[in-house]
Amino acid sequence: MATHWFSTPVYVKTDRPGVTYGCNNVEDAAEELLKWTKMGPKWRKAVQLCIDAIEDRATPAEARKAFEAAAKEEGCYAPLVRSPSCAPRLHPRGEPRGLL
């Protein structure tokens with residue numbers, strides 16, 4: 001069975017304080033959904049879209065969008081926040097200069 005990759009990961013909080021998980025494919029999203037306690041409408045939609053994507057009836061992008069919505073419903077969505085010190089500096093002409 002082929003892995004159905006997301007274009008970008010969906011970051012979710014884990015049961016370990018301060019640890020987030022970057023879920024980057026449909027199969028892992030389906031496993032993650034089974035760990036959650038709030039099985040509301042967004043969770044049900046995400047589960048169905050994961051199944052559909054695994055069976056090639058939906059795209060990984062559709063499953064990713066539903067998984068992100070379900071993570072927000074569950075309260076475990078952890079948007080990636082980039083530290084300013086990790087952002088590339090730019091030359092005055094807008095060319096990358098390196099990390100700060």
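How much area does the protein chain expose, and what percentage of it do carbon and sulfur atoms supply? About 6,800 Å² is exposed, and carbon and sulfur atoms supply 56% of that. Keep in mind as you click around that this is a predicted model.

**Stop 1: the whole chain**

Start with everything selected and colour by secondary structure. You should find three helices and four strands. Walking from the N terminus, the order is β-β-α-α-α-β-β, so to speak a helical middle with strands before and after it. Of the 100 residues in the protein chain, 30% are buried. If you like contact maps, take the contacts between residues at least 6 apart in sequence: 47% of them join residues at least 24 apart.

**Stop 2: H1 against H2**

Now select residues 26-33, which is helix H1, together with helix H2, residues 41-54. Their axes come within 9 Å and cross at roughly 145°, and H1 passes H2 in a left-handed crossing. To see what makes the contact, show side chains for Val26, Glu27, Ala29, Ala30 and Leu33 on H1, then Trp43, Ala46, Val47, Cys50, Ala53 and Ile54 on H2. Colour that set by residue type and you get ten nonpolar, no polar and one charged.

**Stop 3: H2 against H3**

Keep H2 and add helix H3, residues 60-74. Here the axes come within 8 Å, with a crossing angle of roughly 155°. The cut-off for roughly antiparallel is over 145 degrees, so H2 and H3 count as roughly antiparallel to each other. H2 passes H3 in a left-handed crossing.

On the H2 side, pick Pro41, Lys42, Trp43, Lys45, Ala46, Leu49, Cys50 and Ala53. From H3, add Glu62, Ala63, Ala66, Phe67, Ala69, Ala70 and Glu73. This contact divides into eleven nonpolar residues, no polar and four charged. Trp43 is worth a label, since it is listed in the contact with H1 and also in the contact with H3.

**Stop 4: Asp56, in the loop**

Slide along to the loop between H2 and H3 and select Asp56. Is Asp56 buried or exposed? Asp56 is exposed, because its relative accessible area is 63% and the cut-off for exposed is over 50%. Check the backbone too: phi at Asp56 is positive, about 60°, although the residue is not a glycine. For background, most residues other than glycine have a negative phi. Then draw a distance from the Asp56 C-alpha to that of His4: the two are 52 residues apart along the chain, and you should read 9.2 Å.

**Stop 5: Glu74, in H3**

Finish on Glu74, which sits in helix H3. Why does Glu74 count as buried? Its relative accessibility is 15%, and buried means under 20%. Which residues does Glu74 touch, leaving out those up to four places away in sequence? Show Trp36, Thr37 and Lys38 and you have them. For a last distance, go C-alpha to C-alpha from Glu74 to Lys38: 5.7 Å in space, with their positions 36 residues apart in sequence.

Key
Residues numbered from 1 in each chain as written. Predicted model: local features only at pLDDT ≥ 70, side-chain atom pairs only at ≥ 80, totals over all residues. Heavy atoms only, no water. Helix = DSSP H or I, 4+ residues; strand = E, 2+ residues; numbered from the N terminus. Buried < 20%, exposed > 50% of the residue type's maximum accessible area, 1.4 Å probe, protein only. Axes fitted to C-alpha atoms, helices over the stretch in contact; angles between N-to-C directions. Parallel < 35°, antiparallel > 145°, perpendicular 65-115°, else oblique. Left-handed = near helix turned anticlockwise from the far one by under 90°. Contact = heavy atoms within 4.5 Å. Nonpolar A, V, L, I, M, F, W, Y, C, P; charged D, E, K, R; others polar. Areas by Shrake-Rupley, 256 points an atom, 1.4 Å probe, with all protein chains shown as cover.
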